[in-house]
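Here are some comments on the structure you passed along, set out as numbered points. They begin with a term that the later points rely on.

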Amino acid sequence: MSGPTEHAGLTVDLLAELSPQTMEATIGLTGYSLRMRAVEIAPGGQIAEHSHADRPGIVTVIDGSWVEGQPSGERSVDAASLGTFPETEETVHWVYNRTEAPATALVCDIAKVE
C-alpha cells in the first residue's frame, strides 16, 4: 500500500519552537530545533506520503479524525480519545481526512535546521 504524492487541503501553523542554540545549550543536540505545530486537514484533504527517518515526532489529534495510512494498512485516530501516535525513524506514512469537518492535530517534532 502506498499513499498520495501531493498534499491537499493542508494548513500548518508553527505554535512554538526551541531554537538550535537552545537545543545545543540544553541537551547538546547540534543543528536541530524542537517545534510544536498545529496541522489541520480540510475535509477530503490529505498529507502526502513521507518518512520520519530524520525527523522524529509525536502526533495528538485534538479535533476531528485522521486516517493514518502506512504500507501495512490504515487506522483511524480521533480527538475523542486524544489519539496519539509516535513518528519514529521507521515511520513512513500519509494521512487523510475523510470526514466533512476540518481535523486538527498537534505535532511536536525535532527537525534538522538547514
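1. A word on naming comes before the rest: helices and strands in this note are DSSP runs, a helix being H or I with at least four residues and a strand being E with at least two, and they are numbered from the N terminus. With that in hand, Asn97 can be placed in the loop between β7 (92–96) and β8 (103–112). Please keep in mind throughout that this is a predicted model.

2. On the overall fold, the protein has 1 helix and 8 strands, and reading along the sequence gives the pattern β-α-β-β-β-β-β-β-β. The radius of gyration is 14 Å, close to the 13 Å that the globule rule gives for 114 residues, so the protein is as compact as a globular protein of that length. The C-alpha trace spans about 45 × 25 × 25 Å along its principal axes. Of the 114 residues, 35% count as buried, and among contacts with a separation of 6 or more, 71% are accounted for by residues 24 or more positions apart.

3. Is Asn97, although it sits in a loop, buried or exposed? Its relative accessible area is 1%, and because buried means under 20%, Asn97 is counted as buried. The side chain of Asn97 reaches the backbone oxygen of Ile41 at 2.9 Å, while the backbone oxygen of Ala42 lies 3.3 Å from a polar atom of the Asn97 side chain. Leaving out residues up to four places away in sequence, Asn97 touches Ile41, Ala42, Pro43, Gly44, Gly45, Ser65, Pro102 and Ala103.

4. Ala101 lies in the loop between β7 and β8 as well, yet Ala101 is partly exposed, with a relative accessible area of 38%. The C-alpha atoms of Ala101 and Ser65 are separated by 8.9 Å, although the two residues are 36 residues apart along the chain. Ser65 also appears among the residues that Asn97 touches.

5. Asp109 deserves a careful look, since which side chains does this charged residue meet through polar contacts? Asp109 has its place in strand β8 and counts as buried at 0% relative accessibility. A polar contact of 2.7 Å joins the side chains of Asp109 and Arg35, and another, of 2.9 Å, joins the side chains of Asp109 and Arg37. When neighbours within four places in sequence are set aside, Asp109 is in contact with Ser33, Leu34, Arg35, Arg37, Arg55, Pro56 and Gly57.

6. Two of the arginines in that list, Arg37 and Arg55, return in the description of the largest pocket, where they are named with Val39, Ile47 and His50 as lying nearest its centre. The lining of this pocket is made up of 16 residues, and about 210 Å³ of space lies within the pocket. At least two lining residues are supplied by each of β1 (8–18), β2 (32–51), β6 and β7, with the largest share, 4 residues, coming from β2. By residue class, the lining divides into 9 nonpolar, 4 polar and 3 charged.

7. Gly69 is found in strand β4, which covers residues 65–70, and at 0% relative accessibility Gly69 counts as buried. Beyond residues up to four places away in sequence, Gly69 touches Glu74, Val92, His93 and Trp94. The C-alpha atoms of Gly69 and Met1 are separated by 8.3 Å, with the two residues standing 68 residues apart along the chain.

8. The loop between β5 (73–78) and β6 (84–87) holds Ser81, and Leu82 is found in that loop too. Ser81 is exposed, with a relative accessible area of 55%, and Leu82 is likewise exposed, at 53%. The C-alpha atoms of Ser81 and Ile62 are separated by 8.9 Å, the residues being 19 residues apart along the chain.

9. A last remark concerns the backbone at Leu82, where phi is near 50°, a positive value in a residue other than glycine. Most residues other than glycine have a negative phi.

Notes: Residues numbered from 1 in each chain as written. Predicted model: local features only at pLDDT ≥ 70, side-chain atom pairs only at ≥ 80, totals over all residues. Heavy atoms only, no water. Buried < 20%, exposed > 50% of the residue type's maximum accessible area, 1.4 Å probe, protein only. Polar contact = N/O pair within 3.5 Å; in protein donor to acceptor, adjacent residues only side chain to side chain. Contact = heavy atoms within 4.5 Å. 1 Å grid on protein atoms, 1.4 Å probe; cavity = no way out; pocket = protein on both sides within 12 Å on 5 of 7 lines; lining within 4 Å. Points joined across faces, edges and corners; volume = space filled by probe spheres on them. Nonpolar A, V, L, I, M, F, W, Y, C, P; charged D, E, K, R; others polar. Rg over C-alpha atoms; globule rule 2.2 N^0.38 Å.
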